[in-house]
Amino acid sequence: MRIVSAAKSNTEIIQALGCADLIVGATKHDKGNFEIIGNYTDIKAEKIIALKPDIVFTSTFLQEKLKTELEAKGMNVVHFDPLSICDVEQNILKAGEVLGKKEGGKKLVSEMEAKLSQIRK
């Protein structure tokens, strides 16, 4: 599987799920061995398409236009727009499901909940 991540938050989720080696493109803000596709708000669809990804992860209203453009060109896009911690947890679970790492997603969310519980105490 070939993945492009257009947002640092998505890249970190993908990496935490153990799929770092599947990322072929990400932003200049990310760390890893992949093609730089641009800045978070300045990404050209053509650059992503040229990488021939199986799936593209986009994020927030700032990338809504990119998402729409990629979908119109037949790309498989997973778009996240988290507005709360609950949304972030749901994004992790969805990414785990999409990437075939469902149990890994559940584990990450469980670890996150444990840390949040400690903070609350």
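**Notes on the side-chain pairings**

1. The side chains of K67 and E71 meet in a salt bridge, at 3.0 Å from N to O. Keep in mind that this is a predicted model. The two residues sit four apart in helix α3 (residues 64-72), so about one helical turn separates K67 from E71. K67 counts as buried, with a relative accessible area of 16%, while E71 is partly exposed at 36%. There's a bit more going on here: E64, K67 and E71 are linked in a network of salt bridges.

2. How many salt bridges does the structure hold? Seven. Two of them are worth a look in helix α5. K106 pairs with E103, with the closest N and O atoms 3.6 Å apart; both lie in helix α5 (residues 102-120), three residues apart, or about one turn. K106 is partly exposed at 42% relative accessibility, and E103 is exposed at 56%.

3. The other one in helix α5 is E111 with K107, where the closest N and O atoms are 3.6 Å apart. Here the spacing is four residues, again about one turn of the helix. E111 comes out partly exposed at 36% relative accessibility, whereas K107 is exposed, with a relative accessible area of 53%.

4. D30 is the one I'd flag for a second look. It lies in the loop between β2 (23-26) and β3 (35-36). D30 is buried but has no salt bridge. Why not K8? K8 is the nearest side chain of opposite charge, but it is 4.6 Å away, and a salt bridge needs the nitrogen within 4 Å of a carboxyl oxygen, so the pair doesn't count.

5. D30 does have polar company, though. Its side chain makes a polar contact of 2.7 Å with the side chain of T27, and another of 3.2 Å joins the side chains of D30 and T11. Leaving out residues up to four places away in sequence, D30 touches S5, A7, K8 and T11.

6. On the aromatic side, the structure holds one pair. F57 and F80 form it, and the geometry is tilted: 6.0 Å centre to centre, with 45° between the planes. The pair links distant parts of the chain, as F57 is in strand β6 (residues 55-59) and F80 is in strand β7 (residues 77-80), 23 residues apart. Both F57 and F80 are buried.

7. Last, the cysteines. The disulfide count is zero. C19 is buried at 2% relative accessibility, and C86 is partly exposed at 46%.

How values were computed. Residues are numbered from 1 along each chain as its sequence is written. This is a predicted model: local features need pLDDT of at least 70, side-chain atom pairs count only at pLDDT 80 or more; totals for chains, interfaces and linings use all residues. Side-chain values use heavy atoms; hydrogens and water are left out. Rings of Phe, Tyr and Trp (its six-membered ring) pair if their centres lie within 6.5 Å; planes under 30 degrees apart count as stacked, over 60 as edge-to-face and the rest as tilted. Buried means under 20% relative accessible area, exposed over 50%, partly exposed in between (1.4 Å probe, protein chains only). A disulfide is a pair of cysteine sulfur atoms within 2.5 Å. Lys and Arg count as positive and Asp and Glu as negative; His and the chain ends are not counted. A polar contact is a pair of N or O atoms within 3.5 Å; within protein, one must be able to donate a hydrogen and the other to accept it, and residues adjacent in sequence count only if both atoms are side-chain atoms. Contact means heavy atoms within 4.5 Å.
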